[in-house]
Amino acid sequence: MLELKDLWVEVEGREILKGVNLKIEQGETHILFGKNGSGKTTLLLTLMGFSRYKIINGAIIFKGQDITAFSPHERAKLGMGISFQRPPTLHGVRLRDMLTICGNGSGRGEILATQYNFAEFLDREVNRGFSGGEIKKSELLQLLAQDPDLVLLDEPESGVDVENLNVIGQMIKELLQKNLKRHRQKAGLIISHTGFILNYLEADKGHILLDGKIHCQGNPREMFEEIQRHGYEECARCRR
Amino acid sequence: MQKIEEKAKKALKKKATYGEDIELEKFVRQAEPVSYADLDPEEQKRLHQTGLDLSKQEHSGAFFQSDCSVVHCQSTYKGLEVLPIKEAIQDPEKIKDYCWQAVSVDTDKYTAAAELDLDNGYFIRALPGEKVIYPVQACLYIRKEKFAQHLHNIIIAEEGSELHIITGCATSPHLVSGLHIGVSEFYIKKGAKLTFTMIHNWGEDVYVRPRSGIIIEEDGVFISNYISLGPVRSLQTYPSATLAGRGAVARFNSILVAPPGSELDIGAKVTLKAPGAKAEIISRAISAGGKIIARGLLVGEVPGIKAHLECKGLILSEKGIIRAIPELEGQASGVDMSHEAAVGKIAQEEIEYLMARGLSEEEATSTIVRGFLNVQIDGLPAELQAEIDAAVKESEKALI
């Protein structure tokens, strides 16, 4: 579904990604580990096509198309979706309007908001005064309404209290069709610091991003245990 | 009365503190009377857009003045008086405490001209305890080319009453140039509530000089919504509100758009004189190539008051200028006053956030502009909010 070929990206003149290669097949969930500042968010926002992230070399292939030069809008239309870690506040735009936008005019988002106990936020301005956990819920609701084929999640658990972790986990499972054992369409790339997500869903592969490159690939659960025990560098070294 | 006239005469050449000086002699003062039936469909549409719809049942009263003549004036609610001001001043008892008390006649040449050479205006009064639920519709309309319209309005919300007024200020779609001078005095008595919504709809070469003063007594509430979304050569106004009694509240909301060639200099001053008084000045300004000066001055004279000023400006064109001048003056410890002002373009991050949700760049921009102008006003009847929303929607088409 997604292939990154030798992707080099710079942000405001600084090279952040230095030759990333990655392949995600349909139905797979990949977890991206890495230290703060290693370029994980840069990778996700580059995949979504944000203009701040300049691709200086390499290509992004999505569903067989070279989308390297596509705008975020074109990528969304093709079936990509992202949950931001720190989305901007949209003044005067209510969550209800945003969900309608995401659902391309359908009322799906509102139904989901009720289902996930978030209906009281429908008339609030998007992200205005939201707590960390509320932002994450709102982001995932938007994604559920949008229903993308490739889901990019930037630390969906950060700022979420223990009680709500379970809800967030459920939402991600629904996004990724984890209830389906076969013929799963949806794929995901999830940044996780805490590994919490591994308690909620089966992930297929894990990667460590270090110094702008993906260093190793393996069973995400084993990798996470190793990172906890020996740190990112050590984990990357042993599996290289 | 003699004294007022004297003062006015002395101020006839007095320039205003703000705004371009206007030569009053360049405008005409004679116009023929008209009836509503004389207006062509385009004119009727323009009036409709400014909130005047005489066919509507849901109003408590209506006032329509074209150039110098009152075309329609009616109250349909027993607790409400709606009169042409020239008729009201025939009864000195009625207006003696209210004429030139909230605005000084010698403020500048425009107030002086309104006193010395008055066309007309409205007198609207809600009687004590009366809740006038449906809005009073008023429209001040200039039809004759180069006409200078001189108005004086007095609005009184008596003790415990509630009143909503929507005033449309407009020029004929066939007119290029004109001048609107409008003095408005508002008196909100103890426990009364007045919302005053003004929608402007001018021609490209029209000059507008409203002069307003508001006195709010104990627990009185005054809410002003000021909306100018179309072209106008020059609009300058700086209403001054005095919160005279405990717990009095004033809120000024402005939604402004300046197309190329337009200059809007709009502000408000609120003086908080009693404990528990609250004031808020909120403006949203968009320059599509014109110039906007958004002023605001809050003066807190006693402890226990709360006041906030918020000015947000969005510049959509390279040539646009927005100047925000927020001022706070605390004269006692124990005042709680704050302001925030921000001027800029639409953040790329916000556009791309919406694009990642499936909108094109144009759709994303328009969503953000609509959100920016979307000021939900507490306590406003749904019908008035709908008028404001419709006006904003109309202007959006032109902006994007």
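How many nonpolar, polar and charged residues does the lining of the largest cavity have? Keep that in mind while you load the structure, which is a predicted model. We will visit chain A, then cross to chain B for the answer.

**Stop 1: the sheet in chain A**

Show chain A as a cartoon and look for an open sheet of 6 strands. Reading across the sheet, the order is β6-β7-β8-β3-β9-β10, and the pairing is mixed. Select 80-83 and 213-218 of chain A to mark the edge strands β6 and β10, each of which pairs on one side only. Turn the view to follow the twist: neighbouring strands are turned by 20 degrees against each other on average, direction ignored.

Now move inside the sheet and select residues 29-33 and 187-191 of chain A. These are β3 and β8, which pair in the parallel sense over 4 bridges. To see one of the pairings by residue, pick His30(A): its bridge partner in β8(A) is Leu189(A). Turn on backbone hydrogen bonds here if you like, since strands of a sheet pair through them, either parallel or antiparallel.

**Stop 2: two helices in chain A**

Next, select 95-102 and 132-146 of chain A. Helices α3 and α5 pack here at an angle of about 35 degrees, with their axes 7 Å apart. Show side chains for Leu95(A), Met98(A), Leu99(A) and Cys102(A) on the α3(A) side of the contact. On the α5(A) side, add Ser138(A), Leu141(A), Gln142(A), Ala145(A) and Gln146(A). Coloured by class, the residues of this contact come out as 6 nonpolar, 3 polar and no charged. The spacing has a simple background: an α-helix has 3.6 residues a turn, so residues three or four places apart point the same way.

**Stop 3: a covered helix in chain B**

Switch to chain B and select 109-116. This is helix α5(B), mostly covered, with 6 of its 8 residues buried. The buried ones are Lys109(B), Tyr110(B), Thr111(B), Ala112(B), Ala113(B) and Ala114(B). Their cover includes α1 (2-10), β6 (148-157), β8 and β10 of chain B.

**Stop 4: the largest cavity**

The structure holds 2 cavities of 30 Å³ or more, and the largest has a volume of about 280 Å³. Centre the view on Ser224(B), Tyr226(B), Thr237(B), Pro239(B) and Phe252(B), which lie nearest the cavity's centre among its 31 lining residues. Strands supplying at least two lining residues each include β8 (177-188), β11 (221-228) and β14 (249-258) of chain B. The largest share, 4 residues, comes from β8(B).

And the opening question? The lining has 17 nonpolar, 12 polar and 2 charged residues.

Notes: Residues numbered from 1 in each chain as written. Chains lettered and ligands numbered in written order. Predicted model: local features only at pLDDT ≥ 70, side-chain atom pairs only at ≥ 80, totals over all residues. Heavy atoms only, no water. Pairing = 2+ DSSP bridges. Axes fitted to C-alpha atoms, helices over the stretch in contact; angles between N-to-C directions. 1 Å grid on protein atoms, 1.4 Å probe; cavity = no way out; pocket = protein on both sides within 12 Å on 5 of 7 lines; lining within 4 Å. Points joined across faces, edges and corners; volume = space filled by probe spheres on them. Nonpolar A, V, L, I, M, F, W, Y, C, P; charged D, E, K, R; others polar. Buried < 20%, exposed > 50% of the residue type's maximum accessible area, 1.4 Å probe, protein only. Contact = heavy atoms within 4.5 Å.
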